[in-house]
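This report covers a predicted model. It takes up one chain, then the interface, then two helices.

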Amino acid sequence: MLLKRIKTEGLKKEDPGIIPDMERRQFLKMGLLITGVFAGGGILSATSIVNRSFASSREFAEKYPYKPHYSMVIHQDRCIDCELCMTACVKTNNVPTYGYRTRILERDDPKAADRKREFIPVLCNQCNTPPCVLGCPTKATYKNASNGIVMMESKKCIGCKTCMAACPYNARYFNEETRAVDKCDFCFNSRLSKGEKLTACAEACPAKVRIFGDLSDTGSEVYQSVHNLEKTVWVLRPEAGAKPNVFYTKG
Amino acid sequence: MAEDVTKTAEAAIVAGGWAGVRAGVLQALQGSKGYYAALIISGMLFLAAVAAGLHAKYIGTMHAYGASREVPWGILISTYVFFVVTSTGLCLVSSIGHVFGVKDFMPIAKRSVFLSIMTIVAGFFVIAFEIENPLRMAVYNVISPNLTSNIWWMGTLYGAYLFFMAVEFTFLVMNKPRIATAMGFMGVISGIAAHSNLGAVFGMLHGREFWYGPYMPIYFIASAMMSGAATIIFFTWLAYKTNGERMDATMKRALEVTTKVGILLISTILFFTAWKFITGFVGGEGKTAALDLLLTGSYAFNFWVLEVAVGMVIPLALFIVSRGQNLKLIATASALMIFGIFFMRYDLVIVGQLVPVYYELGVNEYTQLLSYAPSAHEIVIVLGGLAFVGLTFLLGEKIFSGHKSEIH
């Protein structure tokens with residue numbers, strides 16, 4: 001039951017019935033103490049977001065299939081909606097005015113005690129079981145075998161738009177210029193393949209909202225965030241079962 | 001003169017082979033004013049659709065069609081579904097007779113096979129204007145197939161299906177029933193495989209709650225049979241009406257048993273639909289929002305009046321009242337069914353997309369459900385697809401002399 005609550009954290013409007021953050025953290029800690037160190041390892045893997053939302057098995061989380069395994073952790077509460085990430089993305093990847101690869105959603109909560117509005121940046125989640133890749137008839141969209149990025153090979157795109165209908169994150173649009181569906185590729189074509197270490201949006205963000213890195217590197221910031229019991233980490237729409245590589249957290 | 005040609009054609013058909021077809025072409029040139037008017041109107045509608053489709057490609061579908069990033073599939077996809085469902089259904093209903101040997105169904109078989117070819121070609125015609133790059137499709141479907149993709153399987157299997165049905169029809173015309181039956185069997189196999197894959201195109205989208213699950217492929221096959229029964233009844237009636245002929249006892253019997261198929265399949269789909277809703281309401285917020293759209297929201301008219309009343313309940317009542325004998329009632333019922341089923345496909349495709357993917361996230365951008373309305377371009381292309389079926393039906397009746405050759 002507790003696990004279920006953590007899983008849906010951040011996905012629903014604030015509900016007074018849900019235990020506040022601090023209380024949950026205390027409870028988790030208490031649980032660890034009570035169960036004792038013997039069970040600690042098991043609890044760690046059971047409560048890590050990686051197992052629940054991201055990987056299909058514990059083995060998967062222990063040994064990432066991609067090297068580097070690119071991922072992004074979004075610190076939702078840091079976002080101030082300055083949209084510099086969106087501007088940088090458009091400029092870097094030649095995104096036309098009628099489309100976008102990333103955007104910032106906003107959610108109002110008039111009853112909240114602190115700020116009344118929060119911002120939720122969204123982009124392609126580079127899923128591990130991507131419905132778009134599953135559905136594409138010609139392999140025009142595919143998982144990059146070495147780094148797990150969901151890529152587009154525009155010349156193969158027939159424009160059936162199945163991937164657009166399939167995407168649980170509305171991350172795709174049809175680009176009239178290339179006559180192919182376009183989407184975020186973590187700036188692989190425009191930056192990473194040219195030796196850059198960060199995506200344009202992560203670099204442009206003045207508030208360090210978007211942390212980009214290699215999830216298979218235990219020393220990376222993304223690994224540290226995702227495998228951190230102190231933090232609540234979640235993904236959007238876990239029920240879609242796509243196992244995304246974009247995580248959300250606060251603080 | 002016209003009578004002479006008709007007699008010659010019929011004699012040739014009875015003799016079998018392409019001589020009959022040649023005579024039939026001559027016969028097609030002999031028609032009433034109404035026949036010509038229908039030909040010209042449907043021909044012009046078809047050409048208008050070609051023009052609208054090419055124009056849409058030229059100015060960009062983003063500007064020409066009502067679809068959007070959030071609702072990428074519009075009426076062209078649903079019309080494609082409508083046509084291929086009808087085609088598969090015609091194939092299945094006709095196979096009861098000439099593939100599986102139930103004699104009562106045999107008189108409708110040849111017309112069914114002909115119409116199943118024409119409806120799937122109409123489907124391909126409509127979707128050719130929906131697919132952005134048909135040329136790339138021709139190349140990369142072959143050299144870069146994705147075997148996990150239901151769209152790939154569906155397209156490939158429907159290609160095979162069209163081939164088998166075309167060969168089957170050719171052998172039917174040539175009066176070579178054994179090869180025709182074998183081809184018909186292959187057509188049934190590929191048709192069912194293709195059609196369940198079409199259902200799976202929707203059913204495998206695990207990010208779309210309204211469609212996701214094993215329900216869709218099963219529903220698609222059952223609803224194909226329903227469409228097939230309605231279509232063959234209607235067009236058989238229309239053929240006799242336009243030719244001003246009286247049906248013989250075997251044809252009457254064929255329509256009577258097809259009516260029974262119709263009753264069975266309408267009941268099945270009503271049953272499926274009821275359970276879809278009942279189970280759906282214990283689903284997530286997104287799914288119930290979609291169901292609400294149909295039950296009480298902006299699609300309630302489509303659902304209750306067009307789908308349920310016109311498409312199923314009234315035809316079911318008429319079929320039962322007709323006892324399979326009253327041709328007028330049967331024909332009216334089947335026409336209503338075809339009309340209602342068109343909207344059934346439309347609602348299925350559109351409503352499945354109207355719940356935004358971020359609906360349950362509670363963000364300001366997606367507090368409302370999405371909307372879609374077909375554009376003028378799209379409507380003309382749809383009418384053109386329907387006109388194509390009408391046009392080829394009219395020509396087929398003359399060229400193949402009412403599809404009367406005996407099948408043994």
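## Chain A, the interface and two helices

Chain A has 251 residues, and 42% of them count as buried. Its secondary structure comprises nine helices and ten strands. When contacts in chain A are limited to residues at least 6 apart in sequence, 59% of them join residues at least 24 apart.

At the interface, 39 residues of chain A are in contact with 37 residues of chain B. On the chain B side, the elements that give two or more residues are α7 (134-143) and α8 (150-173). This side of chain B, which touches chain A, divides into 15 nonpolar, 15 polar and seven charged residues.

Two helices of chain B can be set against the span expected at 1.5 Å a residue.

| Helix | Residues in helix | Expected span | Distance between end C-alpha atoms |
|---|---|---|---|
| α11(B) | 32 residues | 46 Å | 46 Å |
| α10(B) | 29 residues | 42 Å | 42 Å |

For α11 (residues 249-280) of chain B, the distance between the end C-alpha atoms agrees with the expected span, because 32 residues at 1.5 Å a residue should reach 46 Å. In α10(B), the reach from the first C-alpha to the last is likewise close to the expected 42 Å. Just after α10(B), B:G244 takes a positive phi of about 65°.

Which residues of α11(B) are buried? They are B:A254, B:L255, B:T258, B:T259, B:V261, B:G262, B:L265, B:I266 and B:I269. These buried residues of α11(B) pack against α5 (75-98), α10 (215-243), α13 (300-322) and α14 (327-354) of chain B.

Terms used:
Residues numbered from 1 in each chain as written. Chains lettered and ligands numbered in written order. Predicted model: local features only at pLDDT ≥ 70, side-chain atom pairs only at ≥ 80, totals over all residues. Helix = DSSP H or I, 4+ residues; strand = E, 2+ residues; numbered from the N terminus. Buried ≥ 20, exposed ≤ 12 C-beta atoms within 10 Å, placed from the backbone. Contact = placed C-beta atoms within 7 Å. Nonpolar A, V, L, I, M, F, W, Y, C, P; charged D, E, K, R; others polar. Expected span 1.5 Å × (residues − 1).
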